[in-house]
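Here's a quick tour of a protein model for you. Have a look at the sequence and the 3D view first, then we'll walk through them together.

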Amino acid sequence: QKIIFVTGNAGKFNEIREILANFGIEAIQNKGDYPEIQADDLEPIAAASAKAAADDLKIPVLVDDSGLFIKALNGFPGPYSRFVEDHLGNPRVLKLMEGEQNREAYFKTVVAFCRPGEEPLTFSGTVDGKIAYEERGSGGFGFDPIFDYNGKTFGELGTEFKNTISHRRRAVDKFLEYLKSLD
Ligand code: ITT
Ligand code: NA
């Protein structure tokens, strides 16, 4: 079984590829860049991207929209995570958190699956953690070096462990449940 995963983000693709491979599904990357709508949460963003890609490519596709939600910052960067990661980076996020006692945060992934001409389906997953006081570890990508999970950052824990408990894994598990329900 093969599935087209539309993303320009190599970190995401590698994680999804490894997760799906464990379930005997081959992920094929399509780097098509579809305009993203703006919204307060990730579901409508992922859904709109999946529909645009499926209707354009005329094949079923999977997309992933993810973000880091920091409690003390009222959920920022959330749906603006891409912009913050690209234009500010982890050091500036740590700066915003300086002097902040409440370090609680979560990662969220919404994977959206869409067949051409049909409505998209969305599946979400989250994982709770804390914003670290400094970047640690070189594994993973994006915000992983500042996301502390039980004392170690995702950067320190690395992709293999991350894939067993991550927001992305939890979202993909729900998608796999859906696929299974079709058999
Ligand atoms: P697409 O082509 O798939 O849209 P993107 O990089 O635009 O790729 P997102 O908008 O979903 O993807 O990602 C928001 C940001 O959050 C982006 O800068 C990622 O690096 C970061 N991010 C997403 N998932 C992450 C994870 O599991 N760990 C750390 N950072 C993550
Ligand atoms: Na994106």
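How many of the residues of S3 are buried? The answer is 10 of its 10, so to speak a full house, and that makes S3 a mostly covered strand. Keep in mind that you're looking at a predicted model. Strand S3 is a handy place to start, and the rest of this briefing works outward from there.

**Strand S3 up close**

- Strand S3 takes in residues 61-70, and Asp-65 is part of that stretch.
- Both faces of S3 are covered. On one side you'll find Val-61, Val-63, Asp-65, Gly-67 and Phe-69, while the other side holds Leu-62, Asp-64, Ser-66, Leu-68 and Ile-70, and all of these are buried.
- On one flank, S3 runs parallel to strand S1 (residues 2-6), and 2 bridges join the two strands. Look for Phe-5, whose bridge partner in S3 is Leu-62.
- S3 also pairs with S4, this time in the antiparallel sense and over 10 bridges. Here Leu-68 sits opposite Phe-107 of S4.
- If pairing is new to you: strands of a sheet pair through backbone hydrogen bonds, either parallel or antiparallel.

**The whole sheet**

- Zoom out and you'll see 7 strands in an open sheet with mixed pairing, in the order S2-S1-S3-S4-S5-S6-S7.
- The edges belong to strand S2 (26-30) and strand S7 (152-153); each has a single partner strand, so one side of each is left without a neighbour in the sheet.
- Strand S5 (residues 121-131) pairs with strand S6 (residues 147-149) in the antiparallel sense, over 2 bridges. Ile-131 has Phe-147 in S6 as its bridge partner.
- Helix H6 (residues 167-182) packs on the sheet, where it touches S3, strand S4 (104-114) and S5. The direction of H6 makes about 155° with that of S5.

**The annotated residues**

- The unreviewed UniProt entry marks Asp-65 as "active site". For "binding site", that unreviewed entry lists Glu-36 and Asp-65.
- Glu-36 and Asp-65 span 30 residues in sequence, yet their C-alpha atoms are no more than 9.7 Å apart, so they gather at one spot.
- Is Asp-65 buried or exposed? Asp-65 is buried, because 29 other C-beta atoms lie within 10 Å, and the cut-off for buried is 20 or more.
- Glu-36 counts as partly exposed, because it has 15 C-beta neighbours inside 10 Å.
- Where does Glu-36 sit? You'll find Glu-36 in the loop between S2 and helix H2 (42-57).
- Setting aside neighbours within four places in sequence, Asp-65 is in contact with Leu-42, Ile-45, Ala-46, Ser-49 and Val-110. With the same neighbours set aside, Glu-36 is in contact with Ile-45 and Ser-49.

**Around ligand 1**

- The shell around ligand 1 has 18 residues, and the closest are Thr-7, Asn-9, Ser-66, Glu-85 and Gly-142.
- Which element gives the most to this shell? That's S3, with 4 residues.
- Both S3 and helix H3 (81-87) supply at least two residues of the shell.
- What kinds of residues are these? The shell divides into 3 nonpolar, 8 polar and 7 charged residues.

Definitions and conventions. Residues numbered from 1 in each chain as written. Chains lettered and ligands numbered in written order. Predicted model: local features only at pLDDT ≥ 70, side-chain atom pairs only at ≥ 80, totals over all residues. UniProt positions renumbered as here; feature names shortened; annotations may be inferred. Buried ≥ 20, exposed ≤ 12 C-beta atoms within 10 Å, placed from the backbone. Contact = placed C-beta atoms within 7 Å. Near = placed C-beta within 6 Å. Nonpolar A, V, L, I, M, F, W, Y, C, P; charged D, E, K, R; others polar. Pairing = 2+ DSSP bridges. Axes fitted to C-alpha atoms, helices over the stretch in contact; angles between N-to-C directions.
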